[in-house]
Amino acid sequence: MATASWTQRLAARAAERRAQGLWRQRRTLASRAPRLDFAGNDYLGLAGDPRLAEAMARGARRFGAGGRASHLVCGHRDVHEALEGRLAELTGRPRALLFSTGYMANLGTLQALCEPDTRLFQDRLNHASLLDGATLSGAPSRRFHHGDLGDLERLLARAPAAAPKLVVSDGVFSMDGDVADIPGLAAAARRHDAWLMIDDAHGLGVLGERGDGCVGRAHGVEEVPVLVGTLGKALGTAGAFVAGNHELVDHLIQFARPYVYTTAQPPSVAAATLAALDILAAEPERRARLASLIARFRTEAAGLGLPLTESHTPIQPLVLGESPRVMAWAARLDARGIDVGAIREPTVPRGQARLRITLSAAHADDDLERLLAGLADCQAAEASAAAEATP
Ligand SMILES: *Cc1c(COP(=O)(O)O)cnc(C)c1O
């Protein structure tokens, strides 16, 4: 009985989701399917680099396949320690702490830093893991209008003066591609004696003088005391880290439950990330190539009259409005072997459904041409449908 009513409940939720046109589906990709990827986050083309695969294989032969235990039990290896040192050095922080995923880094950091009297202030468009971290932390959380420093200051001023305050923002916004005003956020935080936490998942490896992200060495630990970076995007591997001062890292090791109660990342993955950091330092031309692809895409897409946003990062959304329109464009591109992100609510607000197009240093000029031709074809299909509909 109970089992049947559970199943009915789930079936009703599924039916509701389908009726809203919001049903999400995974597509299983064959390992060598000849498709063009404009949907992933492999901005520097490192995920498929044979040097990373080789470092991972060597790591696996040396350490075995698994992490064996949590970091605090006996899972913390010299390769993890070396990677933390390199990430601290890259971002210009005294220390860094490795997490198994960015989602867990954000949950763990917010949960560990917050007590019931803490007040959180989040940009409205922050990543889901930051919003979920606020819920897990149990601290009261307010959301300010996207990028609106005045709104943030108003909320900060209203909070109890004695409350410890934490301002939290994405560095590069994952669905919009715009970059947070780091100096502005830091100044607002300083005026209200708050700490600033930036999640630079999409900036690390891509932005900054050395690929150190939108915070990195340009904005030190005084300005941005809590810096989160992820390794599964531009660095091409998996995992994440939190960088800051010794007190922050020691506190996370003691109190961040998603750090304490999980198995250490397989050491082979850390070995691959070390190889990725070597390439990041040795091949700045990857960032230059990416920047030129972004500029070219924007010029040509503007020429086609496509609805570009203000983004100058590899995340180039085309905001099309309603979900069915986005699904139709994505399907047309799919038929041409081109993958783009089709992003709908609840990931973005209703009426702002979009194609999330991402560029990578691994794209050839021809790949970009094929994408632009596909987008032009979507426009043409819409125009002819509209002409047919008009008597
Ligand atoms: C992808 C992403 C995360 C999650 O990182 P994972 O390592 O994939 O769990 C966190 N924050 C932002 C802004 C992201 O884009």
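## Briefing: a ligand shell and two sheets

Around the ligand stand 13 residues, and those that come nearest are Gly102, Tyr103, Asp199, His202 and Lys233. Please keep in mind that this is a predicted model. Below you will find the ligand's surroundings, then the two open sheets, one of seven strands and one of four strands.

**The ligand and its shell**

- Sorted by class, the shell holds eight polar, three charged and two nonpolar residues.
- Helix H5, spanning residues 102–113, supplies three residues, the largest share of the shell.
- The side chain of aspartate 199 has an N or O atom 2.5 Å from a nitrogen atom of the ligand.
- Histidine 202 places a polar side-chain atom 2.5 Å from an oxygen atom of the ligand.
- For histidine 127, an N or O atom of the side chain is 3.5 Å from a nitrogen atom of the ligand.
- On its own the ligand has 380 Å² of accessible area, and the protein covers 81% of that.

**The sheet of seven strands**

- Reading across this open sheet, the order is S2-S8-S7-S6-S5-S3-S4, and the pairing is mixed.
- At its edges are strand S2 (95–99) and strand S4 (141–144), each of which pairs on one side only.
- On average, neighbouring strands here are turned by 20° against each other, with direction ignored.
- Strands S6 (residues 195–199) and S7 (residues 226–230) run parallel and are joined by three bridges.
- Aspartate 199, already met as one of the residues that come nearest to the ligand, stands opposite valine 228 in S7.
- Helix H4 (residues 78–91) lies across S2, S7 and strand S8 (240–244), and its direction is at about 125° to S2.
- Helix H9 (residues 246–255) lies across S2, S6, S7 and S8, running at about 25° to S2.

**The sheet of four strands**

- This second open sheet also has mixed pairing, in the order S1-S10-S11-S9.
- Strand S1 (36–38) and strand S9 (315–321) are the edge strands; each has a single partner strand, so one side of each has no neighbour in the sheet.
- Neighbouring strands in this sheet are turned by 30° against each other on average, again ignoring direction.
- Strands S10 (residues 338–343) and S11 (residues 353–358) run antiparallel, with three bridges joining them.
- Glycine 341 has arginine 356 in S11 as its bridge partner.
- Helix H14 (residues 365–389) lies across S1, S9, S10 and S11, at about 75° to S1.

Methods
Residues are numbered from 1 along each chain as its sequence is written. This is a predicted model: local features need pLDDT of at least 70, side-chain atom pairs count only at pLDDT 80 or more; totals for chains, interfaces and linings use all residues. Side-chain values use heavy atoms; hydrogens and water are left out. A residue is near a molecule or strand if one of its heavy atoms lies within 4 Å of it. A polar contact is a pair of N or O atoms within 3.5 Å; within protein, one must be able to donate a hydrogen and the other to accept it, and residues adjacent in sequence count only if both atoms are side-chain atoms. Accessible areas come from the Shrake-Rupley method with a 1.4 Å probe; for residues, only the protein chains shown count as cover. Ala, Val, Leu, Ile, Met, Phe, Trp, Tyr, Cys and Pro count as nonpolar, Asp, Glu, Lys and Arg as charged, and the others, Gly among them, as polar. Two strands pair if DSSP finds at least two bridges between them. Axes are lines fitted to C-alpha atoms, for helices over the stretch in contact, and angles run from 0 to 180 degrees between N-to-C directions. Contact means heavy atoms within 4.5 Å.
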